[in-house]
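Colleague: I would like a close look at the part of this model that starts from one residue with an unusual backbone angle, and then at what surrounds the strands and helices. Please take me through it step by step.

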Amino acid sequence: MNSDSHDLIQRHMAGLLTNDEAVALQTRLKADTDLRRLYLHYMNLDVALEAQAGVRDRGIDLLRSAPMAENKRIGRWLSWRPLTAAAAGIAFGMFCSSLVFGFVGQHGVKKTLLAVHEPSFEDAQMSLAKGFPVTASLWAGDVSKVVPAENGVTPKDGHHMLRLETTAYGRSVLFPRLYQIIALPPSGSELREIEVSASFASADPSSSPYYTVRAYAVNEAPERLGPDWFARHWFIERDEFIASAETGFENPPGNAKWQSIGLRMQVPGNARCLVVFLGVKNQANSQASKPHYLDAVEVSSVEASSIP
Amino acid sequence: MSPPSEHERHAQFLRHYAESELALHTFVRSLVPTRQMASEVMQDVILVLWEKFDAAADFQGWAFGVAKNVALRHLRRQARDRHVFDDELVNQLADDAVTLVPVHDEHREALERCLDKLPASQRELVLTAYTKGTRMDELASRRGQTPMALYKWLHRIRQALLECVERTRAQEEHA
């Protein structure tokens, strides 16, 4: 293969081709099996180098984060692919609500509730944007609606709750999700603890949905996250994502009661906002015809009190 | 037989996905014009894979099909961009990519040895260039180079690495 072919492919990789060159590359690739093979070799090299660089980078971050080993996840190396992290047993833990709040009254610990928009979904007119929230203090996500008691489920708090649909537009929603960005007040501490809890219930006691609470601390201002933030962060690490934690609970079949689950995470003091993610994974083989419900979301900052 | 629990399904998915991840990423990267777009497509691919995962299926074949469809969906949004491949070429690349999976596995294995053959400063530079968040103009500036000079250097290194991995693979085949 001549050097022109190598050059053309590599400039394509770097985004340096003119429109005419891009058309020429496409025409040649269609006609030339060997050129396609070379092209695919280069693409494999590109991905492999990115992976090698990631391994090196994670190694460096692992060393940096070593003193913080008690954290659920701090540093980019652990933010790499939550599924992988979950498999390694890094991020998961479950606290029932009594345990979440059990330590709050500990001597010398001060708990401050952080402002969550509509934590109990009491505003029946609350609109819910699709996708990732465009700004702080808004609920956004998949198809859902504020409802009163229905389907044998009564709200956990107040008179309303949020119904997470398991079907939308005639199709199953296997993983209904909800997000809110919460601005974090300035902290004088290097580290502070944040608690996130929420209650879930299912209208279908024969199913065994997996309830998930995740939180991501970010050192960017809320308005800079952008609508694609979560999609990017699901599997791709980024610098501003500085701590995260996840907890989950597989609701056993037959359990129609509210399940309160929560997490506690250590967050660097420079974190400017917290992205809270609440979701329900349906079993792929479930009928997923009945909705799930969410209520009583609470986010708190826990700091050591100055009182001895 | 009872269906797998969520945790079992999760574990099965992770095992399959881990085995195919780099091959899938290479495939997606070959279909889209930039590494960033490849990352974006991969995020959608893995979500679809997880949502529709069936442990009984031929995972890799199915996953390549999903990845092609997701990539095509992304590409169609930018259909006017001449840097974006049309469906005909995407399908050709899809067919070729599947047959090259074992070759590319060997290339990736050989890459580490080939990187080790580079002088430490060059190895460090190429990995820095590939580290997420690295801006080529800033990296070039730090080195007192123009961005174009850095790109040309990277071209030479990549070509040398590709020749090295192919040579290594050929030697191992004949060994």
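**Strands, loops and helix contacts**

Modeller: A296(A) lies in strand β15 of chain A, which covers residues 292-304. Bear in mind that this is a predicted model. The phi angle of A296(A) is positive, about 55°, although the residue is not a glycine. A296(A) counts as buried because its relative accessibility is 15%, and the cut-off for buried is under 20%.

A second residue of this kind is F121(A), where phi is near 55°, again a positive value in a residue other than glycine. F121(A) does not sit in a strand but in the loop between β2 (109-113) and β3 (129-130) of chain A. With a relative accessible area of 0%, F121(A) is buried.

Next comes the strand β14 of chain A, residues 273-281. Is this strand mostly covered or mostly open? Mostly covered: nine of the nine residues of β14(A) are buried. In a regular strand, side chains alternate between the two faces of the sheet. In β14(A), C273(A), V275(A), F277(A), G279(A) and K281(A) point one way, while L274(A), V276(A), L278(A) and V280(A) point the other way. Both sets are buried, the charged-type name K281(A) included.

β14(A) has strand partners. One of them is β9(A), which runs antiparallel to β14(A) and is joined to it by seven bridges. Within that pairing, R177(A) has G279(A) of β14(A) as its bridge partner. Another is strand β11 of chain A, residues 210-218, also antiparallel to β14(A), with nine bridges between the two. There, R214(A) is bridged to F277(A) of β14(A). G279(A) and F277(A) both belong to the set of β14(A) residues that point one way.

The loop that follows β9 is worth a stop. P186(A) is placed in the loop between β9 (177-183) and β10 (191-202) of chain A. P186(A) is exposed, with a relative accessible area of 83%, where the cut-off for exposed is over 50%. Along the sequence, P186(A) and A271(A) are 85 residues apart, yet their C-alpha atoms are 8.3 Å apart in space.

Now to the helices at the start of chain A. Two packed helices are described by the angle between their axes and the distance between the axes. Helix α1 (residues 3-13) and helix α2 (residues 19-31) of chain A pack at about 120°, and their axes are 11 Å apart. That angle makes α1(A) oblique to α2(A). The crossing of α1(A) past α2(A) is left-handed. On the α1(A) side the contact is made by D4(A), S5(A), L8(A), I9(A), R11(A) and H12(A), and on the α2(A) side by E21(A), L25(A) and R28(A). By class, these residues are three nonpolar, two polar and four charged.

These two helices also meet chain B. That chain has seven helices and zero strands, so its pattern along the sequence is not mixed: α-α-α-α-α-α-α. Buried residues make up 49% of the 175 residues in chain B. Of the contacts in chain B between residues at least 6 apart in sequence, 64% join residues at least 24 apart.

α1(A) packs against helix α7 of chain B (residues 147-174) at an angle of about 115°, with the axes 11 Å apart. Here α1(A) passes α7(B) in a right-handed crossing. H6(A), D7(A), Q10(A), R11(A) and M13(A) of α1(A) meet L154(B), H155(B), R158(B) and Q159(B) of α7(B). This contact has two nonpolar, four polar and three charged residues. R11(A) takes part here and also in the contact of α1(A) with α2(A).

α2(A), in turn, crosses helix α4 of chain B (residues 87-117) at roughly 45°, and the two axes come within 10 Å. That makes α2(A) oblique to α4(B). The crossing of α2(A) past α4(B) is left-handed. Q26(A), L29(A) and K30(A) supply the α2(A) side of the contact, and E88(B), L89(B) and Q92(B) the α4(B) side. Those residues divide into two nonpolar, two polar and two charged.

Note on methods
Residues numbered from 1 in each chain as written. Chains lettered and ligands numbered in written order. Predicted model: local features only at pLDDT ≥ 70, side-chain atom pairs only at ≥ 80, totals over all residues. Heavy atoms only, no water. Axes fitted to C-alpha atoms, helices over the stretch in contact; angles between N-to-C directions. Helix = DSSP H or I, 4+ residues; strand = E, 2+ residues; numbered from the N terminus. Parallel < 35°, antiparallel > 145°, perpendicular 65-115°, else oblique. Left-handed = near helix turned anticlockwise from the far one by under 90°. Contact = heavy atoms within 4.5 Å. Nonpolar A, V, L, I, M, F, W, Y, C, P; charged D, E, K, R; others polar. Buried < 20%, exposed > 50% of the residue type's maximum accessible area, 1.4 Å probe, protein only. Pairing = 2+ DSSP bridges.
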